[in-house]
Amino acid sequence: MAALGLAYVIVNLGLHHGSAATRRPQDTDTPSPARPGLTRIQVTDPVDHKAYGVYVWRPDVPETRKLPVLYFLHGVPSDPKTLIDDEGLAKQVASYVAKGGTPFVLAVPDGNGSHHDDTEWANAADGSDRVEDRLLDEVIPAVEGRHRRDAAHRAIGGFSMGGYGSMNLALRHPGVFGAVTSISGYFHVDDPSHMFGDQDAVIDANRPDHNVEAARRVRIFLSAAESEENDVIKGEPERFKKLLDAAGVPAVLEERPGGHDWDYVRSVLPDAFGFLAQGWTKAGAPGPVATAPAPSGSPQ
């Protein structure tokens, strides 16, 4: 295991609730001793006070504020362990970096809640689940520590519900995330668990297609499967791209063969990573490395 560079670590971080994601780091940009490879950390939810897991894969390069981080959001029903164990997300990132891709940290948080089966990666109108706050105020500080990134070195992405959540959060917080990769996402509100309480103002505030102006501050990658059969998603990336075009907002839309599954996602990820790397390189991210630790399993 040591040869693979895997760090099997579980920590419970009692981080305070607040605007931690947007606070300026006070440290100098010195490398931290964070170990490369795959780890699992835990964060405490600000409402239900339960522990939620976050899987983190780090390349074998110094941990600084210029090392980019991608927060990748799962769909529903799913969880971060599924993305790591079943879908091989960390292995694909490790392979990308090992082949000369721009190194970056992958963080896969848990978007489930205690009161809603489908959280949409949002805060519930009644305050019972606050997944958005958990990501911004607990997950980001836990992953980045004292090397807090600026928006240029922090991206968000996801698949399906995670594709919606990543775009919604990127446009709601363009000062936090500088880029977004939405794979088979949707850009209206689909809220089967009533996270938004059927309240028009809350719904409107969580519609990416009503928040196009904020997209001017974010680099955007959209992906659409040619054989998409999910009615919530079918045609959505194309529709959103047209809205962005009409507003004069640059965005990349990639359409390729595939359906609503992880075989399709895996085929898209190298292009999504390459898109992110273009922005990160301009922002002064570290260059490619010769090798990278490849995870062979999940921390226990």
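E213 is exposed in this predicted model, with a relative accessible area of 54%. Its side chain pairs with R216 in a salt bridge, where the closest N and O atoms are 2.7 Å apart. R216 itself counts as partly exposed, at 44% relative accessibility.

**Salt bridges**

That pair belongs to a wider set: a search of the whole structure finds 16 salt bridges. Three of them are laid out here for easy lookup.

| Pair | N to O distance | Accessibility of each partner |
|---|---|---|
| R216 and E213 | 2.7 Å | R216 44%; E213 54% |
| D85 and K81 | 2.5 Å | D85 35%; K81 39% |
| D133 and R130 | 2.7 Å | D133 13%; R130 27% |

What places D85 and K81 about one helical turn apart? They sit four residues apart in helix α1, which covers residues 80-85. In an α-helix there are 3.6 residues a turn, so residues three or four places apart point the same way. D85 and K81 are both partly exposed, D85 at 35% and K81 at 39%.

The bridge between D133 and R130 has another setting. Is D133 buried or exposed? At 13% relative accessibility, D133 counts as buried, because the cut-off for that label is under 20%. Its partner R130 is partly exposed, at 27%.

Salt bridges also link four residues into a network: R207, D209, E236 and R239.

**The nonpolar cores**

Now to the inside of the protein. The largest nonpolar core holds 48 residues, and those with the most contacts inside it are Y71, V143, I156, F177, I220 and L244. Both strands and helices feed this core: β2 (37-44), β3 (51-58), β4 (69-73), β5 (105-108), α3 (131-144), α4 (161-172), β8 (219-225) and α6 (236-246) each supply at least two residues. Which element gives the most? That is α3, with seven residues.

I156 is a good place to look around in the viewer. Leaving aside residues up to four places away in sequence, I156 touches L70, Y71, L73, L135, S166, L169, A170, F177, A179, V180 and T181. Apart from the largest core lies another core, of 34 residues, with L38, F72, I84 and L89 among them.

**Strand β4 and its neighbours**

β4 deserves a closer look. Five of its five residues are buried, so the strand is mostly covered. How are these side chains arranged? In a regular strand the side chains alternate between the two faces of the sheet. V69, Y71 and L73 lie on one side of β4, L70 and F72 lie on the other, and all are buried.

β4 has a parallel partner in β5, to which three bridges join it. Here V69 has V105 of β5 as its bridge partner. β4 also runs parallel to β6 (residues 154-159), with five bridges between the two strands. In that pairing, F72 has G157 of β6 as its bridge partner.

**Helix α3**

Alongside its seven residues in the largest core, α3 is mostly covered, with 14 of its 14 residues buried. Does its length agree or disagree with expectation? At 1.5 Å a residue, the 14 residues of α3 should span 20 Å, and the end C-alpha atoms are 18 Å apart, which agrees. The helix bends by about 30° at E138, and a proline, P141, follows within four residues. Just after α3, G145 takes a positive phi of about 55°.

**Backbone points to check**

Most residues other than glycine have a negative phi, and most peptide bonds are trans. A few places here depart from that pattern, and they are easy to find by residue number.

Where does H49 sit? H49 is in the loop between β2 and β3, and it has a positive phi of about 60° although it is not a glycine. At 58% relative accessibility, H49 counts as exposed.

S160 likewise has a positive phi of about 60° without being a glycine. This residue is found in the loop between β6 and α4. S160 counts as buried, at 10% relative accessibility.

Finally, a cis peptide bond joins V76 and P77, with omega about -5°. P77 has its place in the loop between β4 and α1.

Technical notes. Residues are numbered from 1 along each chain as its sequence is written. This is a predicted model: local features need pLDDT of at least 70, side-chain atom pairs count only at pLDDT 80 or more; totals for chains, interfaces and linings use all residues. Side-chain values use heavy atoms; hydrogens and water are left out. A nonpolar core is a set of buried Ala, Val, Leu, Ile, Met, Phe, Trp, Tyr and Cys residues joined through side-chain atoms within 4.5 Å. Buried means under 20% relative accessible area, exposed over 50%, partly exposed in between (1.4 Å probe, protein chains only). Contact means heavy atoms within 4.5 Å. Two strands pair if DSSP finds at least two bridges between them. The expected span of a helix is 1.5 Å times one less than its number of residues. The bend at a residue is the angle between axes fitted to the seven residues ending there and the seven starting there.
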